[in-house]
Amino acid sequence: MSRTNKRQDIVEAAIGLLAEGGGEALTASALAERAGVSKANVFHHFARLDDIVLEAFEAFLMAMPSMQPAPDMTLPDWLMALGADTTASMDADPALSGAYFGFVAKARTDAQLREKLAEMALRVRAQFEAALSALAPDRVSEADRQALAALILVTGDGLALHRHLFPDQAASLAVAWARFVEMICAKEARP
């Protein structure tokens, strides 16, 4: 197996362990066993266990199509796509969503992990700010754009959490997200 495939196997094994048992389940021994590698091999590819999870989540988030809005998108289109990508991701890979929330719970009591997660959130917010600048360049000031990017991130996290915990409420969550988009885009011109 190539180095890249082993690295990916380790990342996928970590996600599975987190999804099933939360932060406590992610140990070097359990990870090595699940990935079919030695503990030394795990640490050959990653300096820390948490680095594995960070890599997986950041790659996942940044790969969502709506993170880079298409040039012909409007602000409402982009926000709706962001909500749709979020919920589709939750539906397509429940293990990943479980891993995400397990990881967030672990970060609550691990200052170093929380700091790295905060850095990742800042990169996502910067991506949202860039999208807002491109889609609505004259709509809000830079400070308001930063606040709006933070609000979109927080609301998207809430959407993901509720979608994960209450999958039977998919329809009402979709309505709530659409209403959120309408409120943000109240000043946007409608075709």
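Which residues on the other side of α9 are exposed? In this predicted model, they are Ala171, Val175 and Met183. The close-up views below begin with this helix and then turn to the salt bridges.

**View 1. Span of helix α9 (residues 170-184).** The helix comprises 15 residues. From its first C-alpha to its last, α9 reaches 21 Å, close to the 21 Å expected at 1.5 Å a residue.

**View 2. The buried face of α9 and its packing partners.** Leu173, Trp177, Phe180, Val181 and Ile184 are the buried residues shown in α9. Seen down the helix axis, the buried residues fall within an arc of 100 degrees, so they line one face of α9. The buried residues of α9 pack against two other helices, α5 (75-92) and α8 (142-165). On the other side of α9, Ala171, Val175 and Met183 are exposed.

**View 3. A salt bridge within α9, between Arg179 and Glu182.** The side chains of Arg179 and Glu182 meet at 3.2 Å, N to O. Because the two residues are three apart in helix α9, about one helical turn separates Arg179 from Glu182. An α-helix has 3.6 residues a turn, so residues three or four places apart point the same way. Arg179 has 44% relative accessibility and therefore counts as partly exposed. Glu182, at 40% relative accessibility, likewise counts as partly exposed.

**View 4. Asp50 and its salt-bridge partners Arg48 and Lys106.** Asp50 counts as buried because its relative accessibility is 5%, under the 20% cut-off for that class. Its salt bridge with Arg48 brings the closest N and O atoms to 2.8 Å apart. In the salt bridge between Lys106 and Asp50, the closest N and O atoms are also 2.8 Å apart. This second pair links distant parts of the chain: Lys106 belongs to helix α6 (residues 94-107) and Asp50 to helix α4 (residues 49-63), with their positions 56 residues apart in the numbering.

**View 5. Salt bridges of the structure, from the α9 pair to a shared network.** The structure holds seven salt bridges. One of them joins Arg179 and Glu182, which are three residues apart in α9. Elsewhere, salt bridges that share partners join Arg48, Asp50, Asp51, Lys106 and Lys116 into one network. The network includes Asp50, which is buried at 5% relative accessibility.

Notes: Residues numbered from 1 in each chain as written. Predicted model: local features only at pLDDT ≥ 70, side-chain atom pairs only at ≥ 80, totals over all residues. Heavy atoms only, no water. Helix = DSSP H or I, 4+ residues; strand = E, 2+ residues; numbered from the N terminus. Expected span 1.5 Å × (residues − 1). Buried < 20%, exposed > 50% of the residue type's maximum accessible area, 1.4 Å probe, protein only. Arc of directions from axis to C-beta. Contact = heavy atoms within 4.5 Å. Salt bridge = Lys/Arg side-chain N within 4 Å of Asp/Glu carboxyl O.
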